[in-house]
Amino acid sequence: MSSNISISAGKDVERFFDAYANDFNAIYQVNERPIVNKAIDKWARSSMFLRFERVYQICQEIGAKSLLDVGCGPGYHDAILAKGLNIKVTGVDVADNMIKIATEASKEAGVQDDCSFEVADFMKFQSDKKFDAVLSLGVVEYIMDPEPFIKRMIECSNNVVMFSLPVKWHWLTPQRVIRYKARRCPLKFYSHLKLVNLLQSMGVNYKIDRLKRDYIVTISV
Ligand SMILES: C[S@@+](CC[C@H](N)C(=O)[O-])C[C@H]1O[C@@H](n2cnc3c(N)ncnc32)[C@H](O)[C@@H]1O
């Protein structure tokens, strides 16, 4: 497979996540988290864990043997999927520091032989094989033109594509807009209608579920 679509992640996104990598990874280290952060995460970030529970369940249901994690970040999901479901995982992320953490995490979990990671903008990622599942959690909202990005995920899959998007009408949205704007990281929110319009215009077979602050979209390929 090859792609001639131009770069999708801007330098601002790459810079932002390179700098944020350690703090972002800390969200997943629940047992090491200071009590205040733990409480904030439980209150404001529970959808990060809920959406992964859904993904895990779908991977189990379809008996996925291979998975591509687009914007894998610190690889938290990848180590769990490789260990729990015996899935061969490929993770791609544009931020070098995220891939360093993901590589280390797979070693710590003893699944380094089942996980491979690559620093790349997904729109430049090349693969000669398709994956049973293509996953992208907390990533598509940073892509200003999501259609080619989602199409490319579909091209890479032979069964299912799963991705999340943040809901527009949520009381936590304004603070997130301000925080990301201050750090010059582009970010897009979605109303249900906007998401339906996007998926219908693409003519794909989709399902949308809402999990607190996120929509999780499942596309059958
Ligand atoms: C909020 S983090 C989510 C990480 C991981 N999916 C998770 O849920 O833990 C978003 C990640 O997407 C990556 N990213 C954004 N745009 C990308 C692109 N075009 N190609 C590859 N990675 C991208 C960022 O570098 C960042 O690590």
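## The seven-stranded sheet and its core

In this predicted model, strand E4 and strand E5 (residues 157-166) are joined in the parallel sense over 5 bridges. One of the residue pairs that links them is Val134, whose bridge partner in E5 is Val161, and Leu135 stands opposite Met162 in E5. Between these two strands the chain passes through helix H6 (residues 146-155), and the β-α-β crossover that results is right-handed.

On the other side, E4 pairs with strand E1 (residues 66-70), again in the parallel sense, over 3 bridges, and here Asp69 has Leu135 of E4 as its bridge partner. How much of strand E4 is buried? Of the 6 residues in E4 (residues 131-136), 5 are buried, so the strand is largely enclosed by the rest of the structure.

**The sheet as a whole**

E4 belongs to an open sheet of 7 strands, arranged in the order E3-E2-E1-E4-E5-E7-E6, with mixed pairing. The edges are taken by strand E3 (115-119) and strand E6 (205-211), each of which has a single partner strand, so one side of each is left without a neighbour in the sheet. From one strand to the next the twist averages 15°. Helix H3 (residues 46-62) packs on this sheet, where it touches E1, E4, E5, E6 and strand E7 (214-220), and the direction of H3 makes about 170° with that of E5.

The antiparallel part of the sheet involves E7, which is joined to E5 by 7 bridges and to E6 by 7 bridges. Strand E7 is mostly covered, since 5 of its 7 residues are buried. E6 and E7 form a hairpin with 2 residues between them, and in that turn Lys212 has a positive phi of about 50°.

The table below sets out strand pairings with a bridge-partner pair from each.

| Strands | Sense | Bridges | Bridge-partner pair |
|---|---|---|---|
| E1 and E4 | parallel | 3 bridges | Asp69 and Leu135 |
| E4 and E5 | parallel | 5 bridges | Val134 and Val161 |
| E5 and E7 | antiparallel | 7 bridges | Ser164 and Ile216 |
| E6 and E7 | antiparallel | 7 bridges | Leu211 and Asp214 |

**The nonpolar core**

Which residues have the most contacts inside the largest nonpolar core? That core has 55 residues, and those with the most contacts inside it are Leu67, Val70, Ala133, Val134, Leu135, Met153 and Met162. Val134 and Leu135 are thus residues of the core that also take part in the strand pairing described above, Val134 with Val161 of E5 and Leu135 with Asp69. For Leu67, leaving aside residues up to four places away in sequence, the residues touched are Cys59, Leu81, Ile87, Val89, Phe131, Asp132, Ala133 and Leu135.

**The chain overall**

The protein chain contains 8 helices and 7 strands. For 221 residues, a compact globule would have a radius of gyration near 17 Å, and the 16 Å found for the protein chain agrees with that expectation. Taken along the principal axes, the C-alpha atoms fill a box of roughly 45 × 45 × 35 Å. Of the 221 residues, 34% count as buried. Among contacts with a separation of 6 or more, 73% are accounted for by residues 24 or more positions apart.

Methods: Residues are numbered from 1 along each chain as its sequence is written. This is a predicted model: local features need pLDDT of at least 70, side-chain atom pairs count only at pLDDT 80 or more; totals for chains, interfaces and linings use all residues. A nonpolar core is a set of buried Ala, Val, Leu, Ile, Met, Phe, Trp, Tyr and Cys residues joined through C-beta atoms within 7 Å. A residue is buried if 20 or more other C-beta atoms lie within 10 Å of its own, exposed if 12 or fewer, and partly exposed in between; C-beta atoms are placed from the backbone. Two residues are in contact if their C-beta atoms, placed from the backbone, lie within 7 Å. Helices (H or I, at least four residues) and strands (E, at least two) are DSSP runs, numbered from the N terminus. Two strands pair if DSSP finds at least two bridges between them. A crossover is right-handed if, with the strands pointing away from the viewer, the path from the first strand over the helix to the second runs clockwise. Axes are lines fitted to C-alpha atoms, for helices over the stretch in contact, and angles run from 0 to 180 degrees between N-to-C directions. The radius of gyration is taken over C-alpha atoms; the globule rule is 2.2 Å times the number of residues to the power 0.38.
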